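Welcome to this structure! Here are a few notes to read alongside the view below.

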Amino acid sequence: MLHSRSQAHSTNTACHLRRLVDFAEPRPDDVCLDVSGVSGLASAIRPWVGELTSAAEESLPSGSFTLVVAPLGHARGDQVRLVRDLFRVCRGRLVLADLVRTRAGDGDHIERLRDPDRTKMRTFRELLDLVERAGGQTRRMDVFTVERPIDPWLAGARDPDRIRRELTAEIDGGPRTGARPRLIGSELWFTQSWAYLAVEPGRRPGRGRARPRR
């Protein structure tokens, strides 16, 4: 059974990375910056781009990149400023990836129990608003759910038993956690909601909106 859990976790992770790479639409002539911190993304995207640099949000390089991939889930400080900084080093496509909060409950609570370094989870609308406040506009988006076995995900959690208890309590009719847990056979699974956004700087102030054609 342990083998099946690990296999399911590896399969879900691989599918997630392929989906992110496909959404980013890498090209052989791309000079790519990976600020994602997503395990395995650099190796997944490297064969599809001309050059790849990985960097932390606190030490963005001064170069110019045609493709930038970054998360917001662990970004510290002013995240609006971070997106603006990413726009400054990006002369092509900026792809943002993050977990999003849904109406199913406070998924932020469970995610931060597992990883206290996560910043607050946004709704999809709040994520779009952040891009707009940074002076950007969203060109494409992909919002989807991923169902995962709980045990591999809990590896390294500070209090895995508490998370497991809260998810099991929801199945038994307790408060909703936002993780939408269910039993598959005797195994506990949960669901995450993700959003990928392809964004670019908006029009410069003073230019106004384009008038619709008649």
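1. A good place to begin is Gly 173, which comes after helix α7 and has a positive phi, near 105°. Please keep in mind that this is a predicted model, so every value in these notes is computed from that prediction.

2. Now step back into the helix itself. Helix α7 covers residues 160–171, which makes 12 residues. From its first C-alpha to its last it reaches 17 Å, close to the 16 Å expected at 1.5 Å a residue.

3. Which residues of α7 are buried? They are Ile 163, Leu 167 and Glu 170. Looking down the axis of α7, you will find these buried residues within an arc of 55°, so they line one face of the helix.

4. Next, the protein as a whole. It has 7 helices and 7 strands, and along the sequence they follow the pattern α-β-α-β-β-α-β-α-α-β-α-α-β-β. Of its 214 residues, 44% count as buried. The protein exposes about 12100 Å², with carbon and sulfur atoms supplying 48% of that area.

5. How much of the contact set links residues 24 or more positions apart? Taking the contacts with a separation of 6 or more, such residues account for 67%. The next two points each look at one residue and its contacts.

6. Do spend a moment on Glu 111, in helix α4 (residues 107–114). Is Glu 111 buried or exposed? Its relative accessibility is 7%, under the 20% cut-off, so Glu 111 counts as buried. Its side chain is joined to that of Gln 192 by a polar contact of 3.0 Å. Setting aside residues up to four places away in sequence, Glu 111 touches Leu 99, Arg 118, Met 121, Trp 153, Phe 190 and Gln 192.

7. Finally, have a look at Thr 191, which sits in strand β7 (residues 187–201). Thr 191 has a relative accessible area of 12%, and because that is under 20%, this residue is buried too. Its C-alpha atom is separated by 6.2 Å from that of Arg 148, although the two residues are 43 apart along the chain. Beyond its neighbours within four places in sequence, Thr 191 is in contact with Thr 145, Val 146 and Glu 147, and also with Gly 178, Ala 179 and Arg 180.

Technical notes:
Residues numbered from 1 in each chain as written. Predicted model: local features only at pLDDT ≥ 70, side-chain atom pairs only at ≥ 80, totals over all residues. Heavy atoms only, no water. Helix = DSSP H or I, 4+ residues; strand = E, 2+ residues; numbered from the N terminus. Buried < 20%, exposed > 50% of the residue type's maximum accessible area, 1.4 Å probe, protein only. Contact = heavy atoms within 4.5 Å. Areas by Shrake-Rupley, 256 points an atom, 1.4 Å probe, with all protein chains shown as cover. Polar contact = N/O pair within 3.5 Å; in protein donor to acceptor, adjacent residues only side chain to side chain. Expected span 1.5 Å × (residues − 1). Arc of directions from axis to C-beta.
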